[in-house]
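My notebook is open and I have a fresh structure to poke at. I want to see what sits inside and what sits outside.

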Amino acid sequence: MGKIDKVVGARMSKGRRRKGMSQRDVSLTVARSESWVGQVERGVLPLDSLTTAETVAGALGMDPAFLLALDERWPQTDVRRGQEMEQ
């Protein structure tokens, strides 16, 4: 996949590890397989719906705009305020 999918995956992986969650924990939260979580984290698959992205972001304590890398997609977008809600 593209550069953005890799950024999204890296942010998802970092957020998951920061929360002390396994890929299985995330998969149960979003009702997807562990394999799907791993593929998204590696940038092989994109987050395929806004609802899924919002669910993942909520579980990881992240702003959905940050998880979706809107700052990378559209550099003029200001998502700094919500990079990590726990900061």
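These are my entries on the core, two helices and a pair of odd backbone angles.

**Ground rules.** I'm working with a predicted model, where local features need pLDDT of at least 70, side-chain atom pairs count only at pLDDT 80 or more, and totals for chains, interfaces and linings use all residues. Residues are numbered from 1 along each chain as its sequence is written, and side-chain values use heavy atoms, with hydrogens and water left out.

**Entry 1, the core.** I looked up the largest nonpolar core (a set of buried Ala, Val, Leu, Ile, Met, Phe, Trp, Tyr and Cys residues joined through side-chain atoms within 4.5 Å). It has 20 residues, and Met12, Leu47, Leu60 and Leu67 have the most contacts inside it. At least two residues of this core come from each of H1 (3-18), H2 (23-30), H3 (34-41), H4 (50-60) and H5 (64-67). My helices are DSSP runs (H or I, at least four residues), numbered from the N terminus. I also noted a rule of thumb: in soluble globular proteins, nonpolar side chains tend to be buried together.

**Entry 2, H3.** Which residues of H3 are buried? I found Trp36, Val37, Gly38, Val40 and Glu41. Buried means under 20% relative accessible area, exposed over 50%, and partly exposed in between (1.4 Å probe, protein chains only). The buried residues of H3 pack against H1, H2 and H4, where contact means heavy atoms within 4.5 Å. After H3 comes Gly43, with a positive phi near 80 degrees.

**Entry 3, H4.** Here I listed Thr52, Ala53, Val56, Ala57 and Leu60 as buried. They are on the same side of H4, because they cover an arc of only 130 degrees around the axis (the arc of the directions from the helix axis to the C-beta atoms). Leu50, Thr51 and Gly58 are exposed on the other side of H4. H1, H2, H3 and H5 are among what covers the buried residues of H4. Just after H4, I spotted Gly61 with a positive phi of about 70 degrees.

**Entry 4, two alanines.** Most residues other than glycine have a negative phi, so I jotted down the ones that don't follow this. Ala31 has a positive phi, near 55 degrees, and lies in the loop between H2 and H3. Ala69 has a positive phi too, near 60 degrees, and I found it in the loop between H5 and H6 (70-73). Is Ala69 buried or exposed? Ala69 counts as buried, because its relative accessibility is 0%. Ala31 counts as exposed, at 69%.
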